[in-house]
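Hello,

As promised, here is the structure for you to look at. My notes on what turned up follow just below it.

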Amino acid sequence: MAHAGTPPQPTFDATLVRWSAGGWVFAPVPPEHAPDTAGAFGRAPVIATVDGHAWATSVWRDRAAGWLLAVPARIRSGKDHGDVVTVSIEVDPERM
């Protein structure tokens, strides 16, 4: 979901990881696709697309794991820990 006049964001494949505490499922974001800066609480607002499903969310930086994108069940369509998804993220300047 690119803004008018911006090129489509490059995609990357990510292996989903289930976080043991709380049951969250994340797609790790490689450094070359991560936002340049983070806002409050180490988060950056983005438009994320996973396997063709786009939504407004945030990615956040974990000291140990790097940048992470939480992927809700409604977006994963049955995929879970260990499954590979195709991801793109675009920083949403309107929510920075």
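The structure, a predicted model, holds 4 aromatic pairs. One of them joins W19 and F26 edge-to-face, with 5.4 Å from centre to centre and 75° between the planes. The two partners sit in unlike surroundings: W19 is partly exposed, at a relative accessible area of 32%, whereas F26 is buried, at 4%. Another pair is made by W24 and W60, whose ring centres are 6.2 Å apart; their planes stand at 80°, so this pair is edge-to-face too. W24 belongs to the loop between β2 and β3 and W60 to strand β5 (residues 53-62), so their pairing ties together parts that lie 36 residues apart in sequence. W24 counts as partly exposed, with 49% relative accessibility; that value falls short of exposed because the cut-off for exposed is over 50%.

Taken together, W19, W24, F26 and W60 make up one aromatic cluster. A charge joins the picture at W60: the charged end of R43 sits over the ring of W60, 4.5 Å from the ring centre.

Now for the fold around these rings. The model has an open sheet of 7 strands, ordered β1-β7-β4-β5-β6-β3-β2, with antiparallel pairing. At its edges are β1 (12-15) and β2 (17-18), each of which pairs on one side only.

It is worth following β3 (25-29) through the sheet. On one side, β3 pairs with β2 in the antiparallel sense over 2 bridges, and here F26 of β3 stands opposite V17. F26 is thus a residue to look at twice, as it also forms the aromatic pair with W19. β3 is also joined to β6 by 4 bridges, again antiparallel, and V29 stands opposite W67 in β6. Of the 5 residues of β3, 4 are buried, so the strand is largely enclosed by the rest of the structure.

Elsewhere in the sheet, β4 (residues 43-50) and β7 (residues 84-91) form an antiparallel pair over 5 bridges. Within β7, E90 is the bridge partner of I47.

What about the nonpolar core? Nonpolar side chains tend to be buried together in soluble globular proteins. In this model the largest nonpolar core has 20 residues, and those with the most contacts inside it are V29, V50, V59, L69, V71, V87 and I89. At least two residues of this core come from each of β1, β3, β4, β5, β6 (66-70) and β7. The largest share, 4 residues, is supplied by β4.

L69 is a good place to centre your view. Setting aside neighbours within four places in sequence, L69 is in contact with V25, F26, A27, V29, A48, V50, W55, T57, S58, V59, V87 and I89. That list takes in F26, a member of the aromatic cluster, and also V29, V50, V59, V87 and I89, which are among the residues with the most contacts inside the core.

A word on confidence, too. The mean pLDDT of the chain is 89, and 90% of its residues reach 70 or more. Among the elements of the chain, the mean pLDDT is lowest for β2, at 94, and highest for β1, at 98.

Enjoy looking around, and write back with any thoughts.

Best wishes

Notes: Residues numbered from 1 in each chain as written. Heavy atoms only, no water. Pairing = 2+ DSSP bridges. pLDDT = per-residue confidence, 0-100. Phe/Tyr/Trp six-rings, centres within 6.5 Å; stacked < 30°, edge-to-face > 60°. Buried < 20%, exposed > 50% of the residue type's maximum accessible area, 1.4 Å probe, protein only. Lys NZ or Arg CZ within 6 Å of the ring centre and 35° of its normal. Core = buried A, V, L, I, M, F, W, Y, C linked by side-chain atoms within 4.5 Å. Contact = heavy atoms within 4.5 Å.
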